[in-house]
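Biologist: I should like to learn how to read the features of a protein model. Could we go through one together?

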Amino acid sequence: MSKFGKMNESSRESIAATSMKAIEDAGISPGEIDASFYSNAFGVTESQLHIGPLINSAIGIPDKPSLSVESACSSSSAALNEAYAHIAAGLEEICLVAGGEKLSHLGTMSATTYFAMGSDFRYEAANGVTFPGLYASMAVAHMKKFGTTQDMLASVAIKNHDNALKNPLAHLHKKLTREAYMESPVVAYPFHLYDCCPFSDGAAAVVVASEERARKIRDEVVDIAASERAGTTATLQDREDLTSIAGAALAGSRAYKAAHIGPEDIDVAEVHDCFTIAEIMATEDLRFFEKGEGGRAVQDGTTCIGGKLPVNPSGGLKAKGHPVSATGTAQIHELYEQLLGKAGDRQVEGAEIGLAHNVGATGGSCSVHILKRRR
Ligand SMILES: CC(C)(COP(=O)(O)OP(=O)(O)OC[C@H]1O[C@@H](n2cnc3c(N)ncnc32)[C@H](O)[C@@H]1OP(=O)(O)O)[C@@H](O)C(=O)NCCC(=O)NCCS
């Protein structure tokens with residue numbers, strides 16, 4: 001994973017450099033990669049599409065097949081699912097999955113406009129609603145139905161800013177107090193500035209291999225116990241319930257079944273907290289907590305590092321940052337470090353099973369991966 005924040009290089013340069021780091025860490029040479037899957041959802045803002053052959057050429061494998069995978073904010077977890085399926089089907093033995101984004105050249109207004117194209121443009125964005133507004137609608141529904149409070153939302157932001165202080169690659173290294181949270185400007189009620197993830201640049205890459213090949217390469221590996229995806233009715237106005245993302249709950253259930261475990265077996269989770277309410281909803285959809293209890297769990301410290309179930313020890317999208325197409329693979333990077341005991345000051349002691357939950361837009365596309373430390 002690259003340092004998230006503001007970068008000088010382009011997406012293609014950052015994805016290529018980060019891919020090389022992952023390849024070196026895996027202990028293979030680029031030529032051993034059979035196929036690559038890349039995500040760069042907003043490449044058009046850098047006047048560059050069809051990024052796969054460019055990155056393959058940059059890392060010295062121009063002859064290998066590449067595929068661009070776009071699934072909004074869940075692009076690179078969807079790419080990982082593609083690589084997993086290719087390997088599980090016996091089509092390839094080693095795949096490279098990488099995603100990256102550069103957004104800092106756009107500014108807030110332009111970035112917000114491009115992002116809104118990931119919603120139902122005709123019914124949502126074209127009528128003026130952008131992602132902070134869409135997730136704010138879900139937050140208001142959650143507050144009304146379950147009594148979730150502004151203080152609970154603040155607790156998510158404060159926890160994730162604290163965690164990011166322990167992550168040298170995080171975008172925002174800023175201690176957040178409850179007072180600073182409350183005094184910050186309102187973006188879309190009930191969200192203040194600190195309820196929102198920032199616009200970040202960055203890249204993250206993962207090398208995936210068949211079990212047999214991985215065993216030959218190195219002892220220190222993490223197993224993918226489940227790689228599942230599901231969808232939700234795309235437009236908010238068509239949903240019966242705004243307090244849950246049905247596709248995330250479904251992908252989670254499928255992942256638990258595939259891994260032969262339940263939510264109670266998860267030691268650490270990276271979830272899609274693009275806005276504070278999204279973390280609360282994720283922890284409920286994944287059945288870590290009863291519906292309506294996610295806010296209380298963060299308030300009472302259950303989800304902090306050292307709590308019963310640490311959530312977003314990396315700082316999450318909220319403070320580690322959210323370079324859209326890098327987010328899915330960056331969650332995997334965090335779990336990889338956690339499960340191998342390499343997470344430094346933010347290490348979750350004894351973590352053996354980790355879950356990554358990545359959502360595209362308001363949940364039209366959802367991915368859940370479960371990773372296990374190999375014993
Ligand atoms: C919240 C938001 C509107 C703030 O944008 P902005 O008001 O233009 O903020 P600026 O970029 O001018 O930054 C002003 C300051 O706030 C900080 N900042 C910006 N966004 C921040 C955020 N989300 N959280 C914490 N700090 C943030 C900047 O680092 C900067 O700090 P500095 O003055 O110390 O350098 C913008 O970050 C946003 O829209 N985020 C949501 C992105 C999104 O929708 N992603 C898709 C999710 S589905």
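Modeller: Let us begin with a definition: a salt bridge is a side-chain nitrogen of Lys or Arg within 4 Å of a carboxyl oxygen of Asp or Glu. Please keep in mind that this is a predicted model. In this structure, the side chains of Arg 213 and Glu 93 form a salt bridge, with 2.6 Å from N to O.

Biologist: Why does the pair of Arg 213 and Glu 93 tie together parts that are apart in sequence?

Modeller: Arg 213 belongs to helix H8 (residues 211-217), whereas Glu 93 sits in the loop between H3 and S3, so the pair links parts that are 120 residues apart in sequence. The structure holds 19 salt bridges.

Biologist: How many helices and strands does the protein chain have?

Modeller: The secondary structure of the protein chain consists of 13 helices and 10 strands. The C-alpha atoms fill a box of roughly 55 × 45 × 40 Å along the principal axes. For 375 residues, a compact globule would have a radius of gyration near 21 Å, and the 19 Å of the protein chain agrees with this.

Biologist: Into which domains is the protein chain divided?

Modeller: Domain 1 covers 11-105 + 202-216, and domain 2 covers 128-196 + 221-373. Their centres, taken over C-alpha atoms, are separated by 24 Å. Domain 1 gives 28 residues to the contact, and domain 2 gives 24 residues.

Biologist: How should one describe the size of such an interface?

Modeller: The size of an interface is often given as the accessible area that is lost when the parts come together. Here, domain 1 and domain 2 bury about 1,900 Å² between them, with 61% of it on carbon and sulfur atoms. Cys 73, Ser 77 and Tyr 84 are the residues of domain 1 that lose the most area to domain 2, together 27% of what that side buries.

Biologist: How many salt bridges and how many residue pairs in polar contact are found across the interface of domain 1 and domain 2?

Modeller: The rule finds 0 salt bridges across this interface, but 13 residue pairs in polar contact. On the side of domain 1 that touches domain 2, the elements giving two or more residues are helix H3 (75-88), strand S3 (94-101) and strand S6 (202-209). The largest share of that side, 7 residues, comes from H3. By residue type, the side of domain 1 divides into 15 nonpolar, 11 polar and 2 charged.

Biologist: How does one read the backbone angles?

Modeller: Most residues other than glycine have a negative phi, and most peptide bonds are trans. In this model, the peptide bond from Tyr 189 to Pro 190 is cis, with omega near 5°. Pro 190 is in the loop between strand S4 (186-188) and strand S5 (191-192). His 260 has a positive phi, near 55°. The loop that holds His 260 runs between helix H9 (246-259) and strand S8 (268-270).

Biologist: Which residues does Ser 365 touch, not counting residues up to four places away in sequence?

Modeller: Ser 365 is in strand S10 (residues 365-373). With that exclusion, Ser 365 touches Ser 71, Ser 74, Arg 229, Ala 230, Asn 358, Val 359 and Gly 360. As for Gly 60, it is 305 residues from Ser 365 in sequence and 32 Å away in space, C-alpha to C-alpha.

Methods: Residues are numbered from 1 along each chain as its sequence is written. This is a predicted model: local features need pLDDT of at least 70, side-chain atom pairs count only at pLDDT 80 or more; totals for chains, interfaces and linings use all residues. Side-chain values use heavy atoms; hydrogens and water are left out. Domain bounds come from an automatic or database domain assignment. Contact means heavy atoms within 4.5 Å. Buried area is the accessible area (1.4 Å probe) that two parts lose on being put together, summed over both. A polar contact is a pair of N or O atoms within 3.5 Å; within protein, one must be able to donate a hydrogen and the other to accept it, and residues adjacent in sequence count only if both atoms are side-chain atoms. Helices (H or I, at least four residues) and strands (E, at least two) are DSSP runs, numbered from the N terminus. Ala, Val, Leu, Ile, Met, Phe, Trp, Tyr, Cys and Pro count as nonpolar, Asp, Glu, Lys and Arg as charged, and the others, Gly among them, as polar. The radius of gyration is taken over C-alpha atoms; the globule rule is 2.2 Å times the number of residues to the power 0.38.
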